[in-house]
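Q: Please take a close look at the aromatic side chains of this protein, and at how they are placed in the fold. I would also like to hear about the parts that lie beyond them.

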Amino acid sequence: MNTRRIIGAAALAACFGIAGCGQGNSGNGGGSAASVTGVSDAVSKVANDRDLTPDDVLAAVKTYMPTGRHDEYIMFSSGGHSGQVFVIGVPSMRLLRTIGVFTPEPWQGWGYGVGNEILEAGNIEGHELSWGDTHHPALSETAGDYDGQFCFINDKANARMAVIDLKDFETKQIINNPIALNDHGGAMVTPNTEYIIEGGQYGSPLAGTYAPIEDYNASYKGMVTMWKFDRSKGRIDESKSFALELPPYWQDLFDAGKLDSEGWIFGNSFNTELAIGGKTADGGTPFEAGVSQRDNDYLHIIDYRKAEELYNSGAAEDVAGFPVIPLSTLISEGVLYFVPEPKSPHGVDVTPDGKYVVISGKLDPHVTIYSFEKMQATIAAKNWEPDQFGVPVLDFDSCVEAQIEVGLGPLHTQFDDKGYAYTSLFLEPAVARWTLGGEWGKKNPEADWTLVGKQNVHYNIGHLGTMEGDTVSPDGKYLVAFNKWSLDRFFPTGPLLPQNFQLIDIAEGGDSMQLLYDMPVGFGEPHYAQTIKADKLKPYEVYPAIGWDPNTMAVKPGAPTQGNERIERNGNQVDIYMTAVRSHFTPEHVKVKEGDHIRWHITSIERAKDATHGFSIPMWNINISLEPGETQTIEFVADRPGVYSFYCSEFCSALHLEMTGYLLVEPN
Ligand code: CUK
Ligand code: CUA
């Protein structure tokens, strides 16, 4: 034990030596050689007192972020059932921001006066939805690489898609899928973000209609929707979007081809058994067993460029007002092919060169790697048998490049810059590192398609994410394991425990991964995250001009400005034009009559970075956030007479408590 500790001190001294040689982080300490010894002694005492091993100390030094220093990478994580997106710095694993998406978020005023119309657009036929099951965030791409402009995320529970603009990290659009009520294989983008992919999950009658479960094979459908993204408007253009009808297998995840395979998308599936579940009096097999009977399901191989041509030529049919290309057309026009994939597949990931597609089988210890070139040759040779719906099922052996035994319960795969792939192993639980073949395989010394290392994780890993790990140029460097269970890792918060994001150092090759840090996540269940190099993000410091409307990303005509604050009455319609600046609102008295319809327009006329004001009124569920330059409009009916003190809900200045006023609602 003592020996370990002494080595620990030495390792630490070496680490600090390296840090001291750099820029000198924040001016404290001076970074001279003399201070290295001093730091080493002091820190080895702390390490001894806290019973830290050399690896612990090394991990701490690799992740510690001195005050004022920024993280190298920014992770956009699904917020799970919170329906939000979490923004987390890597390697510090500090939570930087929660972006309100499908769910109200009071601090940003999301749903309390800000973004109400966007949230309402996500309701389905008047049914208010105030949660979402976010699964897969997708950063916008240019030429297959993250460009830092937009982030998209799906809501599995309700088949919805959201658009976040990374200029201000705010949600701009929520769109309902008109033909589906659940999704899963989204959001994924094509390499230039022309389309956002949203694949379905559980086979259902299209457009939320009714059909008896006994008619499953004929009346239930699968689908994948291609949402057209208009980058100049920063919105999904529903009028140029379309869907593909698929057999009622349960489509799971999708990934877009890139480089060699650009123009194609790939999706895995399960329940090719067409099980309908349910234990009935005359038998019946519950889903768990029913969907796991066959040895193979089908990898979906889709020529989306050809589908786009078909849509443009009018081959789609109208389903609830949305264009859907029928399955029969997809088959006859050569848009859709299948290839068998082993036992209960999960995860589909295209390699950085676009040449291979990696599939995991939850109940198969292998990853199966398909060659895009071989798929194309198999299609050209018509080496297929039709499935029961007539879809060509390509010959497995003609398409497979390699199979690697990686361990128990493989799920998802990501890549690095050294030609390694990383696959999450849910059941072990661990991360497996293996080598790619082709040109990328030459980036590491090991043989192609070989398992080279494993790192245990805690516990039950789902997705994993390397830095820019699903782009054409992954950085590697770190890997984050998104673990479902934490068991003994944290203080037990009752029977419901946090989930665990574990940071792993993957910078060195071979079998050399090091677990660095556990981040408890108190919002379940985030599935996936994408991580971008921080310097690719160019967010606004303050909004570009006073009177900026984040919805339109432009100055709002007629927004209140300094000097023209006023109250206008037209019948019982009252428009209040107010400004906010440290530390007052203008006007401070607002007198209206019971029953008046209020439109309250407020502009922050601040230009200083981080000078955010809030604006809250009791009784009407109003609390908004006004970032410098921002304008917002709140509407409500003053249906209750009384005196209401509105106030700024951000501690913005020494006289923040004085930043208040009275809404006086005079009785009729
Ligand atoms: S799924 Cu969750 S662990 Cu929704 Cu991407 Cu695989
Ligand atoms: Cu403005 Cu407090």
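A: In this predicted model, F242 has a relative accessibility of 0% and therefore counts as buried, the cut-off being under 20%. By the ring-centre criterion, the model holds 34 aromatic pairs. In one of these, the rings of Y195 and F242 have centres 5.8 Å apart and planes at 80°, so the pair is classed as edge-to-face, a label given to angles over 60 degrees. This pair connects distant parts of the chain, since Y195 belongs to strand β9 (residues 195-199) and F242 to strand β11 (residues 235-246), with the two positions 47 residues apart in sequence. Y195 is buried as well, because its relative accessible area is 2%.

A second pair has another geometry: the rings of Y298 and F338 have their centres 5.1 Å apart and their planes at 5°, and the pair is therefore stacked. Because Y298 lies in strand β14 (residues 296-303) and F338 in strand β17 (residues 336-342), this pair ties together parts that are 40 residues apart in sequence. Both Y298 and F338 are buried. Returning to the edge-to-face pair, Y195 and F242 belong to one aromatic cluster together with Y304 and Y311.

Aromatic rings also have lysine side chains placed over them. The charged end of K362 sits over the ring of F270, at 4.7 Å from the ring centre, and K443 lies over the face of W440, at 4.3 Å from the centre of that ring.

Helix α9 (residues 372-380) has a buried side to which another aromatic residue contributes, for F372 is buried there, along with M375, T378 and I379. These four residues cover an arc of only 120° around the axis, and so they lie on the same side of α9. An α-helix has 3.6 residues a turn, so residues three or four places apart point the same way. On the face of α9 turned away from the buried side are the exposed residues E373 and A380. E373 also takes part in a contact at the start of the helix, where a side-chain oxygen of S371 comes to within 3.3 Å of the backbone nitrogen of E373. After α9 comes K382, which has a positive phi, near 50°.

S371 is also covered by the range of strand β20 (residues 364-371), the strand in which V367 lies. With a relative accessibility of 0%, V367 counts as buried. The C-alpha atoms of V367 and G407 are separated by 9.0 Å, although the two residues are 40 residues apart along the chain.

T351 is found in the loop between β18 (345-350) and β19 (356-361), and T351 counts as buried because its relative accessibility is 1%. Its side chain makes a polar contact of 2.6 Å with the side chain of D353.

Finally, there is the surrounding of ligand 1, where the residues are H135, H136, H184, L253, H346, H412, G462, H463, K484 and H527. By residue class, this shell divides into 1 nonpolar, 8 polar and 1 charged.

How values were computed. Residues numbered from 1 in each chain as written. Chains lettered and ligands numbered in written order. Predicted model: local features only at pLDDT ≥ 70, side-chain atom pairs only at ≥ 80, totals over all residues. Heavy atoms only, no water. Phe/Tyr/Trp six-rings, centres within 6.5 Å; stacked < 30°, edge-to-face > 60°. Buried < 20%, exposed > 50% of the residue type's maximum accessible area, 1.4 Å probe, protein only. Lys NZ or Arg CZ within 6 Å of the ring centre and 35° of its normal. Arc of directions from axis to C-beta. Polar contact = N/O pair within 3.5 Å; in protein donor to acceptor, adjacent residues only side chain to side chain. Near = heavy atom within 4 Å. Nonpolar A, V, L, I, M, F, W, Y, C, P; charged D, E, K, R; others polar.
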